[in-house]
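Please open the model in your viewer and keep the selection panel at hand. The tour proceeds by selections, each followed by a description of what is found there.

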Amino acid sequence: MSATAPAAPAASSASAPASAVKEPPFTVQLHGTVRAKFEYQPDLGKSRFEVRNARFSLSGQVTPLVNYKAEIDLSDEGSIKMLDAYARLNLLQRRLRFTIGQMRVPFTIDAHRSPHEQYFANRSFIAKQAGNVRDVGATLAWSFGRRVPVTLEGGLFNGSGLTNQKDYWTRSFNYSAKARFRFAERVNLSLSIQKTHPDLVDIHMYDIGAYYENSLWHIEGEYLRKNYASEAFPGVNVVDAFVCRNFPLRSRALRQISVLARYDYMSDHSTGIAGAGGVLLVDDPERHRVTGGLTFSLGLPFRADIRVNYEAYFYRPTAEPDLSEQDKFVAEFMVRF
């Protein structure tokens, strides 16, 4: 709804060009992602159904220079969460972008993927435990280069997370920065750094990742290092590596079958939230995981996919893994609209 402007003098109105009264371009796009899955844990002999995500977003353009996005997940493992809520200013033909609001911080490759863009039914350790950060703040991004496109992005963030904004004040913002390079339209390199302060000590994270892709292959590797200030907890190493081979089909019902294999690893990990006596404890014990899977694309890939995975976990004998972090068979139906 827009307000009515005061009437202009008759002479001015008659001489004004028709283009002067055009409505500014305003667009609204509605998107959604639903991921429903079945999981079976053979060691426990138990299974479950789960709605992993039920995301809905509104995005679009207010003027040629201003964009917006608001996204909510009605079932993030059973919880309702407001995820994205930001406004963006685009300058210099969209090469320079300023964003303010609530968003995923610019860090890592895999943690930055939306649920419909993921290759596996369950996220990597980088995307789930180590590098998964959304926060409230502001970022500035600059894209340049023709032969080698480059995007530099950095931002400052509260460190309050998604739900603790009203009475949160700080003397030291968290920060995150990311550089992305694209070579020969097939190879992508990402370098990023991030500082957080979840409780008593600062945490500095460093990430490097690269992937190669064409119409048939996607090969990716990523390494993340997590250091805790004052040696409050041993440094954490996290690795994610996977390969995807696509087999396009001529069937209208089944457009493509993809064969996937992944290895990921995480050493003993702490979220940075102190326990009794201000000591950082192991929240996630060291683990290796091997995942194999098939993805059946019932249309364009990442739009309507059935993902079938088996995950094998390897812990040291004394570890006590979480109930949901054990060997499992996963069958997931993902729909993006």
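Begin with E39, which counts as buried because its relative accessibility is 5%. The model is a predicted one, and every value quoted here is computed from it. Add R48 to the selection: its side chain meets that of E39 in a salt bridge, 2.8 Å from N to O. R48 counts as partly exposed, since its relative accessibility is 36%. Extend the selection to R35, K37, E50, R307 and E332, which join R48 and E39 in a network of salt bridges.

Next, select D76 and R52. Their closest N and O atoms are 2.8 Å apart, forming a salt bridge. D76 lies in strand 3 (residues 66-76) and R52 in strand 2 (residues 46-63), so the pair ties together parts that are 24 residues apart in sequence. Both D76 and R52 are buried. The salt bridge between E71 and R55 has its closest N and O atoms 4.0 Å apart. Here E71 is in strand 3 and R55 in strand 2, 16 residues apart; both residues are buried. The count for the model comes to 25 salt bridges.

Now display strand 11 and inspect its two faces. H218, E220, E222, L224, K226 and Y228 point to one face and are buried, whereas W217, I219, G221, Y223, R225 and N227 point to the other and are not. Strand 10 runs antiparallel to strand 11, joined to it by 11 bridges, and the two form a hairpin with 3 residues between them. On the strand 12 side, 10 bridges make another antiparallel pairing with strand 11; there, F242 is the bridge partner of E220.

Centre the view on K226, within strand 11 (residues 217-228). What is the nearest side chain of opposite charge to this residue? It is D284, 7.4 Å away, and K226 has no salt bridge although it is buried. The K226 side chain does make a polar contact with the side chain of H269, at 2.8 Å. M205 is the bridge partner of K226, and the contacts of K226 beyond four places in sequence also include Q129, A130 and V236.

Finally, select L224, Y228, V236 and V238, which touch the most other members of the largest nonpolar core, a set of 20 residues. Two or more residues come from each of helix 2 (125-130), strand 10 (203-213), strand 11 and strand 12 (236-248). Helix 2 gives the most, with 3 residues. A second, separate core of 5 residues includes Y119, F242, C244 and L260.

Notes:
Residues numbered from 1 in each chain as written. Predicted model: local features only at pLDDT ≥ 70, side-chain atom pairs only at ≥ 80, totals over all residues. Heavy atoms only, no water. Helix = DSSP H or I, 4+ residues; strand = E, 2+ residues; numbered from the N terminus. Buried < 20%, exposed > 50% of the residue type's maximum accessible area, 1.4 Å probe, protein only. Lys, Arg positive; Asp, Glu negative; His and termini not counted. Polar contact = N/O pair within 3.5 Å; in protein donor to acceptor, adjacent residues only side chain to side chain. Contact = heavy atoms within 4.5 Å. Core = buried A, V, L, I, M, F, W, Y, C linked by side-chain atoms within 4.5 Å. Pairing = 2+ DSSP bridges.
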